[in-house]
Amino acid sequence: SAQTPLRPEEAASSAAPRLYVMGIDLSHLDPILQFSAMAAGGVAFTLVYGYLQELIVVQIFDRELALFLATVQFMGYAVWSAALRRLTPRTPRTPTAKFGAVSGAGASALSISHRPTPAPVPFRKYMWLSILRAFDLGFTNLGMKYLNYPAKTLIKSCRVVFTMAAGAVVQGKKYRPAEYATVSLMVMGLVVFMRADMKTSAVFAPVGIILLVASLMCDAVLSTNSETLMKTHDINQDEFIFRLYSISLVAMGAAAALDGEMTAGLSFVLRPGTMHEVVHGSVPTWTAGGKMAALFVFASTGFLGSSCAGAITKRFSALAMSIVSTTRKAASLFLSFLFFPKECTTQHMVGMAMFVVALFVKSMRAGRKGMRSRGEEADKKQGGALPMTRFDERRII
């Protein structure tokens, strides 16, 4: 391939990819400002999303029409991803910079060689991942019919427990004592919280736990395959999300239509009042416009929060995202008890504290392990390549 000599500072500049978040170019900002903007946006969007999820699912929809709600979410995600896909310029493939010498000048310089363009993603892979995503969101919404929001949040946050159990039993993997201790603390916190919820909550059924465990399994397979797919085919984040959610929208819309929830959901949204008020003929407290606005903001904040999270992981590291995610989950649990009527006992608080501490420790360990692995892999692949300027994660801990 053709090679163009560049000076080191020029190569470093060209090797650094542009950073676009929600269609906005943040590349000119200092790394600390980049992280602060994305973290603040991610936390704010996801907190609003969590609040609206409990408001809509529990109070407005009275835990009904789970498939219709999932369809609305996928519609919002597909529309937003299509919009950002158009706003975000396509970035060229990152060149590999290696040291060389400019002929005739005798000065040190760098040569840039472009890698070949990878093959497009087969449609069957998008279809498979989209079906998994549809099952994941569908099971999550159905699970909230049988469990409260804090219980749902804790269960959805303990994917590492199932991952380690499967690895130890099926694959015979060995884990460090510290990892077993962290997972044990997480399980203990979850058990303490669920035991308190069984005694105090009017909404608690084992089928909700089963649905959320099924959702976790779908999410684990989806996350692993999505990361591999994006790296192998070098797919832009917005492009991948657009295709994934567009197909998921069709699948979930078909399921809601076959189940009758599509017609029932549209009829309910266009009528004033909550589900309880409509069924019992009470005076409506929500207008049709208010419900549609809540659904729009709900779907929008869910997507924008995920977009910020993906950008943090891609630009900085999984460690940085884990810290932000853990902080957001702890805040979501607090806001749930603050804004929605439910009993919060000492046992609830102890269980949440144990779980959040274990989650934070797990996130720190996993993030640092991932950083070391990515660094070693980059060194093997690039050899003498000029490393990109990265943000030192120690500055945000």
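Lys145 has a relative accessible area of 32%, so it is partly exposed. I start there because this partly exposed lysine leads into the salt bridges. Before going on, please keep in mind that this is a predicted model.

Lys145 pairs with Glu64: their side chains meet in a salt bridge, at 3.9 Å from N to O. The two partners come from distant parts of the chain, 81 residues apart. Glu64 sits in the loop between H2 and H3, and Lys145 in the loop between helix H4, residues 123-143, and H5. Glu64 is also partly exposed, since its relative accessible area is 35%.

How many salt bridges does the structure have? The count comes to four.

Another of them is in helix H4. Arg133 forms a salt bridge with Asp136, and the closest N and O atoms are 3.1 Å apart. Both residues belong to H4, three positions apart, which is about one turn of the helix. Arg133 and Asp136 are both buried. For Asp136 the relative accessibility is 4%, so the residue counts as buried.

Asp136 has a second partner to mention, Lys156, with the closest N and O atoms 3.0 Å apart. That pair joins distant parts of the chain, Asp136 in helix H4 and Lys156 in helix H5, 20 residues apart. Lys156 has a relative accessibility of 23% and therefore counts as partly exposed. Put together, Arg133, Asp136 and Lys156 are linked in a network of salt bridges.

Now to another lysine in H5. Lys152 lies in that helix, which covers residues 149-156. Which side chain of opposite charge is nearest to Lys152? That is Glu54, 8.6 Å away. Lys152 is buried and yet has no salt bridge; the cut-off for one is 4 Å between a side-chain nitrogen and a carboxyl oxygen. Leaving aside residues up to four places away in sequence, Lys152 touches Gln53, Thr140, Met144 and Leu212.

Glu54 turns up again in the next topic, the cavities. There are three cavities of 30 Å³ or more. The largest cavity holds about 60 Å³ of space. Its lining consists of Leu47, Gly50, Tyr51, Glu54, Tyr149, Ser332, Leu335, Ser336 and Phe340. Where does this lining come from? Helix H2, residues 31-60, and helix H13, residues 318-339, each supply at least two of the lining residues. H2 gives the largest share, with four residues. So that you can find them on the screen, Glu54 is one of the residues lining the largest cavity, and Glu54 is also the nearest opposite charge to Lys152.

Next, backbone geometry. Most residues other than glycine have a negative phi. Two residues here are worth pointing out against that background. Asp62 is not a glycine, yet has a positive phi of about 55°. Leu65, also not a glycine, has a positive phi of about 55°. Asp62 is located in the loop between H2 and helix H3, residues 66-87. Leu65 is found in the loop between H2 and H3 as well, and that loop also holds Glu64, the partner of Lys145. Are these two residues buried or partly exposed? Asp62 is partly exposed, because its relative accessibility is 35%. Leu65 is at 11% and so counts as buried.

Then the cysteines. How many disulfides does a search of the whole structure find? It finds zero. Two cysteines can be described by their burial. Cys218 has a relative accessible area of 12%, so this residue is buried. Cys308 is at 1% relative accessibility and therefore counts as buried too.

A third cysteine, Cys158, comes in through a backbone distance. The C-alpha atoms of Cys158 and Val213 are separated by 9.5 Å, and the two residues are 55 positions apart along the chain. Val213 is in helix H8, which runs over residues 206-233. Its relative accessibility is 18%, so Val213 counts as buried.

To go back over the main points. Arg133, Asp136 and Lys156 form a salt-bridge network, while Lys152 is buried without a salt bridge. The largest cavity draws on H2 and H13 for its lining. Asp62 and Leu65 each have a positive phi. No disulfide is found in the structure.

Methods
Residues are numbered from 1 along each chain as its sequence is written. This is a predicted model: local features need pLDDT of at least 70, side-chain atom pairs count only at pLDDT 80 or more; totals for chains, interfaces and linings use all residues. Side-chain values use heavy atoms; hydrogens and water are left out. A disulfide is a pair of cysteine sulfur atoms within 2.5 Å. Buried means under 20% relative accessible area, exposed over 50%, partly exposed in between (1.4 Å probe, protein chains only). Lys and Arg count as positive and Asp and Glu as negative; His and the chain ends are not counted. Contact means heavy atoms within 4.5 Å. On a 1 Å grid over the protein atoms alone, a cavity is a set of points where a 1.4 Å probe fits but cannot get out, and a pocket is an open set with protein on both sides within 12 Å along at least five of seven lines; lining residues have an atom within 4 Å of a point. Grid points are joined across faces, edges and corners, and a volume is the space filled by probe spheres set on the points.
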